[in-house]
Amino acid sequence: MSFGLDFVVDRDDLRRCDFAQAPPPEARTLQGDQVLLRVDRFGFTANNISYAVFGSAMSYWDFFPTREGWGRVPVWGFGDVLASTAEGVSPGERFFGYWPMSTHLLVQAGSVSGGGFTDAAPHRKSLPAFYNRYLRCGEDPGYTPQSEAQQMLFRPLFLTAFLLDDSFAEADFFGATSVVLASASSKTAIALAHLLAGDRRPGIEVVGLTSPANVSFVEGLGCYDRVVVYDQIESLAGDRATLFVDMAGNGAVTGAVHGHFGDHLKHSCRVGATHWEAAPGPASLPGPSPAFFFAPAQGQKRSEEWGPGGLQERVGGAWSDFLARSGGCVQVVEGRGRAAVESIYRDTLEGRIPPDRGQVLSLWDEGK
């Protein structure tokens, strides 16, 4: 491929997408601490649609700028160094991190260590450091070549789930004895449910809300104490102290949960928007006002308290346990090239991807 390729979407109409071509910089033109990476493979889930939905509000579009009015949807995956003028970063090394849906990424490596580096490019300095760190696979204790697909699909979402669980525990679950998760088949919800399940959080009931089509899949995960379809929320005990975690962003579901539990709802936490086109619902709701959870804030707090190594050690242990118990809960499906990337993007946007499928993509055709 002689040209670099970007997959871009219209910020105001996520159904409009296109491909943009531009030659990547040549190795001899790099300067300072620049690193040119080949974006090899990345996972694509409903979480990436949330990045697009909240692209302007949460500055997700700012990570990988492109032409006016359009955006590059961020993804998590692996890239290989093609050329580098940064000391401590060598051609051929493989990194895990946050990428655009592109064939190449040019970064400015800062804070280089054995574990990796941070993109210190001026436009990313004001953005959360959580997204700017690239992990060196050769030194990452959580990496194995065999688990790359699971890492792309689950690891960033698992970290969000870990920080959610940690923040809830820190607040003693706001006095709740039941945690209700909307969009229970989403990968963030699956990870959180696993963290809450069993004897790890004794006394906490884990309830999954899902659509009728996904009930069998969600029940088969083994991490929910109870699975309920959206139109049967009233079957839950309305007088039980409950914490609501909203991965769906569906106003009707949120309204039903708040209306059913009322003052027995101890905390309402919004995380994602898998039902991205659903109406937002009423502005005023019974019970507590929904609060948006921003994982980087909790991650930064714990990094300061535990040190980056302390946070990484805790997450790594929990991640290994999660992989052992649930690594095979989705069938990995790989796609390469323009047509595959556009098709999976559209299918994910429209909710056509079954929950037991995990999509791994690349803009590089086979053999390129």
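**View 1. Strands β13 and β14 side by side in the predicted model.** Here β13 (residues 242-246) and β14 (residues 265-270) run parallel, held together by five bridges. If you want a spot to start looking, try T242, which sits opposite L265 in β14. Zoom out a little and the pair turns out to belong to an open sheet of six strands, paired in parallel and ordered β12-β11-β10-β13-β14-β15. The edges are taken by β12 (226-229) and β15 (291-292), and each has a single partner strand, so one side of each has no neighbour in the sheet.

**View 2. The largest nonpolar core, with Y224 picked out.** This core has 94 residues, and Y224 and Y345 are the ones with the most contacts inside it. Helix α2 (residues 148-170) gives the largest share, ten residues. There is also a second, separate core of 14 residues; V180, A182, V207 and V257 are among them. What does Y224 touch once residues up to four places away in sequence are set aside? The list runs L181, A184, A189, I190, A193, V206, V207, G208 and V218.

**View 3. Strand β1, covered from end to end.** All seven residues of β1 (residues 4-10) are buried. G4, D6, V8 and D10 point one way, while L5, F7 and V9 point the other way. That is the pattern to expect, because side chains in a regular strand alternate between the two faces of the sheet. Note that two aspartates, D6 and D10, are in the buried set too.

**View 4. The three-stranded sheet around β1.** This one is an open sheet with antiparallel pairing, in the order β2-β1-β4. Its edge strands, β2 and β4, each pair on one side only. Helix α8 (residues 337-349) packs on the sheet, where it touches β1 and β2, and its direction makes about 160° with that of β2. On one side of β1, seven bridges link it to β2 (residues 13-22), and G4 stands opposite A22. The two strands make a hairpin, with two residues between them. With β4 (residues 70-71), β1 shares two bridges, again antiparallel. Look for V9 partnered with G71 and D10 partnered with W70.

**View 5. Q359, tucked into strand β17.** Is Q359 buried or exposed? Its relative accessible area is 6%, under the 20% cut-off, so Q359 counts as buried. The strand it lies in, β17, covers residues 357-362. Leaving out neighbours within four places in sequence, Q359 is in contact with F42, G43, F44, L153, V333, I344 and I353. For a sense of scale, the C-alpha atoms of Q359 and A86 are 33 Å apart, and the two residues are 273 apart in sequence.

**View 6. Helix α6 and its buried side.** The twelve residues of α6 (residues 295-306) should span 16 Å at 1.5 Å a residue, and the end C-alpha atoms are indeed 16 Å apart, so the two agree. Which residues of α6 are buried? They are A295, P296, Q298, G299 and R302. These cover an arc of only 160° around the axis, which means they sit on the same side of α6. Just after the helix comes G307, with a positive phi near 85°.

Conventions
Residues are numbered from 1 along each chain as its sequence is written. This is a predicted model: local features need pLDDT of at least 70, side-chain atom pairs count only at pLDDT 80 or more; totals for chains, interfaces and linings use all residues. Side-chain values use heavy atoms; hydrogens and water are left out. Two strands pair if DSSP finds at least two bridges between them. Helices (H or I, at least four residues) and strands (E, at least two) are DSSP runs, numbered from the N terminus. A nonpolar core is a set of buried Ala, Val, Leu, Ile, Met, Phe, Trp, Tyr and Cys residues joined through side-chain atoms within 4.5 Å. Buried means under 20% relative accessible area, exposed over 50%, partly exposed in between (1.4 Å probe, protein chains only). Contact means heavy atoms within 4.5 Å. The expected span of a helix is 1.5 Å times one less than its number of residues. The arc is that of the directions from the helix axis to the C-beta atoms. Axes are lines fitted to C-alpha atoms, for helices over the stretch in contact, and angles run from 0 to 180 degrees between N-to-C directions.
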